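Biologist: I am new to this model and would like a close look at a single part of it, namely the packing in its interior. Please take me through that part slowly, and then place it in its surroundings.

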Amino acid sequence: MKVFLSWSGERSERTAEALWSWLPDVLQYINPWLSSLDISAGRRGIREITEELSETNFGIICVTPENQTSRWINFEAGSLAKQVEGGYVVPFLIGMKTADLLSPLSQFQAISGDSKDDVLKLLFDINDASGDLAISRERLERAFQRSWPDFENNLMSVSALPLGDNLSNAVKRSTADMTEETLLIVRQLDQRIAEVERYALQADGAPRRPSREVRRISEEKFITSSFMKIGWEAVRSCWEGESVVIVAQRAGEPSQSVSHDFVERLAKSLGREVVVRGETGKVIVRSHRL
């Protein structure tokens, strides 16, 4: 089974090299591929990387605070997502929390390299994705426990490396950005739970709420929460064709105005044009049509 290891920067590369050496010790059928070690001198790097991506079964992206905006990291992550069936693309975080991960990498289910449980889960996921090559979970866990101390020491040495000049590339997520992402996740979960409940009621033959109504309620909660975040109140909202019309008012001293950027993000999340009006009916701001 081929596992593609993506890196950018010294700490990320050192982590990828540690994984390259360690993964086959735990799962002998794994064939890890790392550009810095597996491309021979004189070979055309981009072409070979592209060929390896097309043959990959599982992708691990070694992410650090200073490299997550790297064009190369995001290129390989996007290529892996397109090539690998089942979405087996995992950001492996070094010296950062999952909450610090920026889009588009935040779209993937990340694990923390500092967490023994997370790394074990990564191995379980690789094993589950390997089909007939998979070994029993008990055997895998025994191999993991034996080899973990050496790998942990390697990760600790990577974490001890200075950030140096790359520190300026590290991006801090704003509270608003993280709050908005949380609301999006909650909204998605709300929709999924509502759909599960709807089908459960259908199986019992009891009346059920139409899926469109379920989605509408979920979106209204999302709109209300989003406006509360900037110190405004969404008094009411209604769906008019392909647009959402929201009547909003200030709630005390708002932390910020209803900016065009805010409305554009809201429109992207809802998947339709957003029009914000004051209580007098005057348009405050509107998004571009999607």
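Modeller: A nonpolar core is a set of buried Ala, Val, Leu, Ile, Met, Phe, Trp, Tyr and Cys residues joined through side-chain atoms within 4.5 Å, where buried means under 20% relative accessible area. Please keep in mind that this is a predicted model, and that every value below is computed from it.

The largest nonpolar core has 34 residues, and those that touch the most other members are Leu19, Trp22, Leu23, Ile60, Phe92 and Phe151. Two or more residues of this core come from each of strand 1, helix 1, strand 3, strand 4, helix 5 and helix 6. The largest share is that of helix 6, which gives 7 residues to this core. Trp22 can serve as a guide to the packing: leaving aside residues up to four places away in sequence, Trp22 touches Val119, Leu123, Phe144, Ser147, Trp148 and Phe151.

A second core, separate from this one, has 19 residues, among them Phe222, Ile230, Ala267 and Val274.

Let us return to helix 1, which covers residues 10-26. At 1.5 Å a residue, its 17 residues should span 24 Å, and the C-alpha atoms at its ends are 25 Å apart, so the expected and computed lengths agree. The buried residues along helix 1 are Arg11, Ser12, Thr15, Ala16, Ala18, Leu19, Trp22, Leu23 and Val26. The cover over these buried residues includes four strands, namely strand 1 (2-6), strand 2 (31-34), strand 3 (58-63) and strand 4 (89-93), together with helix 5 (116-128) and helix 6 (137-159).

Some individual residues help to fill in the surroundings of helix 1. Thr64, in the loop between strand 3 and helix 4 (71-83), counts as buried because its relative accessibility is 0%. Not counting residues up to four places away in sequence, Thr64 touches Arg11 and Ser12, as well as Ile94 and Met96; Arg11 and Ser12 are themselves among the buried residues of helix 1. Pro32 belongs to strand 2, and with a relative accessible area of 7% Pro32 is buried. The C-alpha atoms of Pro32 and Trp20 are separated by 5.6 Å, although these residues are 12 residues apart along the chain.

Strand 3 can be approached from the loop between helix 3 (45-54) and strand 3, where Asn57 is found. Asn57 is partly exposed, with a relative accessible area of 36%, and its C-alpha atom is separated by 6.0 Å from that of Val3, which is 54 residues apart from Asn57 along the chain. Cys62 has 0% relative accessibility and therefore counts as buried, whereas Cys238, at 31% relative accessibility, counts as partly exposed. A disulfide is a covalent bond between the sulfur atoms of two cysteines; a search of the whole structure finds 0 disulfides.

The second core leads to helix 9, since Ala267 is one of its members and also one of the buried residues of helix 9 (residues 260-270), which are Phe262, Val263, Leu266, Ala267, Ser269 and Leu270. These buried residues cover an arc of only 160° around the axis, which means that they lie on the same side of helix 9. An α-helix has 3.6 residues a turn, so residues three or four places apart point the same way. On the other side of helix 9, Asp261 and Lys268 are exposed. Gly271 follows helix 9, and its phi is positive, near 75°.

Further along the chain, Arg277 lies in strand 8 (residues 273-277) and is partly exposed, with a relative accessible area of 29%. Apart from residues up to four places away in sequence, Arg277 touches Val245, Ile246, Val247, Ala248, Lys282, Val283 and Ile284. The C-alpha atoms of Arg277 and Ile246 are separated by 6.1 Å, while the two residues are 31 residues apart along the chain.

To set these parts within the whole, the protein chain has 9 helices and 9 strands, and buried residues make up 42% of its 290 residues. Among contacts with a separation of 6 or more, 63% join residues 24 or more positions apart. The protein chain exposes about 16000 Å², of which carbon and sulfur atoms supply 49%.

Terms used:
Residues are numbered from 1 along each chain as its sequence is written. This is a predicted model: local features need pLDDT of at least 70, side-chain atom pairs count only at pLDDT 80 or more; totals for chains, interfaces and linings use all residues. Side-chain values use heavy atoms; hydrogens and water are left out. Buried means under 20% relative accessible area, exposed over 50%, partly exposed in between (1.4 Å probe, protein chains only). Contact means heavy atoms within 4.5 Å. Accessible areas come from the Shrake-Rupley method with a 1.4 Å probe; for residues, only the protein chains shown count as cover. The expected span of a helix is 1.5 Å times one less than its number of residues. The arc is that of the directions from the helix axis to the C-beta atoms. A disulfide is a pair of cysteine sulfur atoms within 2.5 Å.
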